[in-house]
Amino acid sequence: MASVFGDIMKVETSGASEKTAKQDKLTVKGVEASHKMAETDFKRASQYKSMVQKVGHSKGLAPAIIAGIMSRESRAGAALDHGWGDHGNGFGLMQVDKRFHKPLGAWDSEEHVTQATEILVGFITKIQKKFPKWPKEHQLKGGISAYNAGDKNVQTYERMDVGTTGDDYSNDVVARSQWFKTHGF
């Protein structure tokens, strides 16, 4: 399924920064590192595949993007402590921040993934309104960046990841999402 928000496979990406790649003690960075991390998370992410596909289809978002965010945010659950991450602020597979949202459902539930996906779609929509002349794929990438650092952080296409976690959030998520897309999500 293609996203109504643009084709993730057409989004340009530089992939993971060296800092992000070092989480897995990788000696490579960029798209190759993002792909390796997605591959590491694939088995865990696969247990949520039907739920991710259902939510993605219902919200008009390619399921691979949801899988890419799950991989980046929680390593598809592996980085969580009883469903929590980010020093107790982020909840669930997609790390809904309790400081800005009331987390819904269990950490690995469809309710949680739906809430997080709606938050993402909300940011994509805000970026579409903020940058109406950007191509859909740029707006999609901007929305992914905003999911991490807020829509005010997205000022230009070229520098949208400055200020995101690792200064590579959307580039890493896009590369992971592309990997998931080519592996059945």
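In which kind of crossing does H2 pass H7, right-handed or left-handed? Keep that in mind as you open the model, which is predicted.

**Stop 1: H2 and H7**

Select residues 31-46, which form helix H2, and residues 169-182, which form helix H7. Their axes come within 8 Å. They cross at roughly 55 degrees. Angles from 65 to 115 degrees would count as roughly perpendicular, and those under 35 as roughly parallel. The H2 and H7 angle falls in neither range, so H2 is oblique to H7. Here is the reply to the opening question: H2 passes H7 in a right-handed crossing.

Now show the side chains at the contact. On H2, pick Val-31, Ser-34, His-35, Met-37, Ala-38, Glu-39, Asp-41, Phe-42 and Ala-45. On H7, pick Asp-172, Ala-175, Arg-176, Trp-179 and Phe-180. Colour them by type. The contact of H2 with H7 holds eight nonpolar residues, two polar and four charged.

**Stop 2: H5 and H6**

Move to helix H5, residues 110-130, and helix H6, residues 136-149. The axes of H5 and H6 come within 8 Å and cross at roughly 125 degrees. That angle makes H5 oblique to H6. H5 passes H6 in a right-handed crossing.

Select the H5 side of the meeting: Ala-116, Ile-119, Leu-120, Phe-123, Ile-124, Ile-127 and Gln-128. Then add the H6 side: Gln-139, Leu-140, Gly-142, Gly-143, Ile-144, Ala-146 and Tyr-147. How many residues of the contact of H5 with H6 are charged? There are no charged residues here; 10 are nonpolar and four are polar.

**Stop 3: H3 and H5**

Keep H5 on screen and add helix H3, residues 49-59. H3 and H5 pack at an angle of about 40 degrees. Their axes are 10 Å apart. H3 and H5 are therefore oblique to each other. Their crossing is right-handed.

From H3, select Met-51, Lys-54, Val-55 and Lys-59. From H5, select Glu-110, Val-113, Thr-114, Thr-117, Glu-118 and Val-121. In this contact of H3 with H5, four residues are nonpolar, two polar and four charged.

**Stop 4: the largest pocket**

Switch on a surface. The largest pocket has a volume of about 770 Å³. It is lined by 29 residues. To find its centre, select Glu-73, Asp-86, Gln-95, Asn-148 and Thr-165, the lining residues closest to that point.

Next, colour the elements around the pocket. At least two lining residues come from each of helix H1 (18-21), helix H4 (63-74), strand S3 (96-97), H5 and H6. Which of them gives the most to the lining? H6 does, with four residues.

Finish by colouring the lining of the largest pocket by type. You will see 11 nonpolar residues, 12 polar and six charged.

Technical notes
Residues are numbered from 1 along each chain as its sequence is written. This is a predicted model: local features need pLDDT of at least 70, side-chain atom pairs count only at pLDDT 80 or more; totals for chains, interfaces and linings use all residues. Side-chain values use heavy atoms; hydrogens and water are left out. On a 1 Å grid over the protein atoms alone, a cavity is a set of points where a 1.4 Å probe fits but cannot get out, and a pocket is an open set with protein on both sides within 12 Å along at least five of seven lines; lining residues have an atom within 4 Å of a point. Grid points are joined across faces, edges and corners, and a volume is the space filled by probe spheres set on the points. Ala, Val, Leu, Ile, Met, Phe, Trp, Tyr, Cys and Pro count as nonpolar, Asp, Glu, Lys and Arg as charged, and the others, Gly among them, as polar. Axes are lines fitted to C-alpha atoms, for helices over the stretch in contact, and angles run from 0 to 180 degrees between N-to-C directions. Angles under 35 degrees count as roughly parallel, over 145 as roughly antiparallel, 65 to 115 as roughly perpendicular and the rest as oblique. A crossing is left-handed if the near helix is turned anticlockwise from the far one by less than a right angle, and right-handed if clockwise. Contact means heavy atoms within 4.5 Å.
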